[in-house]
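Me: I would like a careful look at one part of this structure, the strand at the centre of the pairing discussed below, followed outward into its surroundings. Please keep the account connected, and go on to other local details once that part is described.

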Amino acid sequence: MTYREALRQALTEEMERDPGVFILGEEVGRYQGTFRVTEGLLQRFGEMRVVDTPISESGIAGMAIGAAMIGLRPVAEFMTFSFALIAADQLVNHAAKILYMFGGQIAVPVVFRGPAGGGAQLSAQHSHSLESWYAHIPGLKVVTPATPADAKGMLKTAIRDNNPVIFMEHAKLYSTRGEVPEGDYTVPFGVADVKREGSDVTLISYSQPVLLALQAAAKLAETEGIECEVIDLRSLQPLDMETILRSIRKTHRAVVVHEDHRNVGFGAEVIARVQELAFDELDAPVLRVASADVPIPYARNLERAAFPSEEDIIRAVKRVLA
């Protein structure tokens, strides 16, 4: 099953299970979604539950927040999280705060989902990795599944959560395939997954770069005999530090890999917590592999140079072992 099919299956099952779940966003109905995630859902559930909206991210977010406040469970699709910047006030000043400002009396069970990241030659204004921005805001949960199984299980968890969830789907993952368990299942937030066992270095990643880390780990094992443990964080807020620390107590070395820019990227938070909680376990400084601190270029060769590569990860692993 592809990543997009897993997301669609989660939406379908949750809409069948709970009549309060509905979808809204630009082109989610008649066009069936920019990345075809909502394909067939308008025909199945009708216009009251699959709602095409005007091109207004702020309006989409505001409508979803209001619906959630009166007891519905909206799933709002942004055409890209780069455009969600227009709705930042709704997300940060309202969705994240309402539960606290009303003394816990009004929950906001809303999911904001859509593609994030770059690598598809969509240039600077479509290629943002904003997960560290949202993870910085108390009141928002931030989820970044890397596999079809996690995409389905975590989207179902997000829809059932009583808090606002930022659900980021890397655009390069939609066509990737993987095994997806049958039946109703959920994947909890705040529980990282060890995607590959290893003993020499811990690679900590999330979203599409998890696949890159796994490729680098396989090559290092085959060519250098270096065994990397690959941890997929899956959710950034809440963050599972226990799995990270358990691995570092075994390998004593770590590299954080993400597509976000290096400067003030999410890797900086991970490294800060590691040095606070496990400094004595480290045999070398924790390194970062991240995107260059530049607006993402349109030209294919420059875009590739801006993003982290398998070779970048291999160099970082050899450096941390030197």
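Reply: In this predicted model, V255 stands opposite L287, a residue of strand 12. This position belongs to the pairing of strand 11 with strand 12 (residues 287-291), which is parallel in sense and extends over 4 bridges. Strand 11 is also joined to strand 8 (residues 201-205), again by 4 bridges and again with the two strands running parallel. Within that second pairing, I204 has V256 of strand 11 as its bridge partner. Strand 11 itself, which spans residues 254-261, is mostly covered, since 7 of its 8 residues are buried, and for that term the cut-off is a relative accessible area under 20%.

Going back along the chain from strand 11, one comes to H252, which is placed in the loop between helix 9 and strand 11. The phi angle of H252 is near 65°, a positive value in a residue that is not glycine. H252 counts as partly exposed because its relative accessibility is 24%, and the partly exposed class lies between 20% and 50%.

Helix 9 covers residues 241-251, and T243 is one of the residues placed in it. With a relative accessibility of 10%, T243 counts as buried. Once the neighbours within four places in sequence are set aside, T243 is in contact with A192, V194 and I231. The loop between strand 10 (235-237) and helix 9 holds P238, and the peptide bond leading from Q237 to P238 is cis, with omega near 10°.

A positive phi is also found at Q121, where the angle is about 55° although the residue is not a glycine. Q121 is placed in the loop between strand 4 and helix 6 (131-135), and it is partly exposed, with a relative accessible area of 24%.

Strand 4 itself, residues 111-116, contains R113. How buried or exposed is R113? R113 is buried, as its relative accessible area is 1%, and that value falls under the 20% cut-off. The side chain of R113 makes a polar contact with the side chain of E77, at 2.6 Å. When neighbours within four places in sequence are left aside, the contacts of R113 include V75, A76, E77 and F78, together with V37, F81 and L155, and further F167, E169 and Y174.

One helix pair remains to be described. Two packed helices are described by the angle between their axes and the distance between those axes. Helix 3 (residues 57-69) and helix 4 (residues 88-95) pack at an angle of about 30°, with 8 Å between their axes. Helix 3 and helix 4 are therefore roughly parallel to each other, because an angle under 35 degrees is counted in that way. From helix 3, the residues that take part in the contact are S58, A61, G62 and I65, and they meet Q90, L91, H94 and A95 of helix 4. The residues of this contact divide into 4 nonpolar and 4 polar, with no charged residue among them.

To return to the part you asked about, strand 11 pairs in parallel with strand 8 and also with strand 12, and 7 of its 8 residues are buried.

Key
Residues numbered from 1 in each chain as written. Predicted model: local features only at pLDDT ≥ 70, side-chain atom pairs only at ≥ 80, totals over all residues. Heavy atoms only, no water. Buried < 20%, exposed > 50% of the residue type's maximum accessible area, 1.4 Å probe, protein only. Polar contact = N/O pair within 3.5 Å; in protein donor to acceptor, adjacent residues only side chain to side chain. Contact = heavy atoms within 4.5 Å. Axes fitted to C-alpha atoms, helices over the stretch in contact; angles between N-to-C directions. Parallel < 35°, antiparallel > 145°, perpendicular 65-115°, else oblique. Nonpolar A, V, L, I, M, F, W, Y, C, P; charged D, E, K, R; others polar. Pairing = 2+ DSSP bridges.
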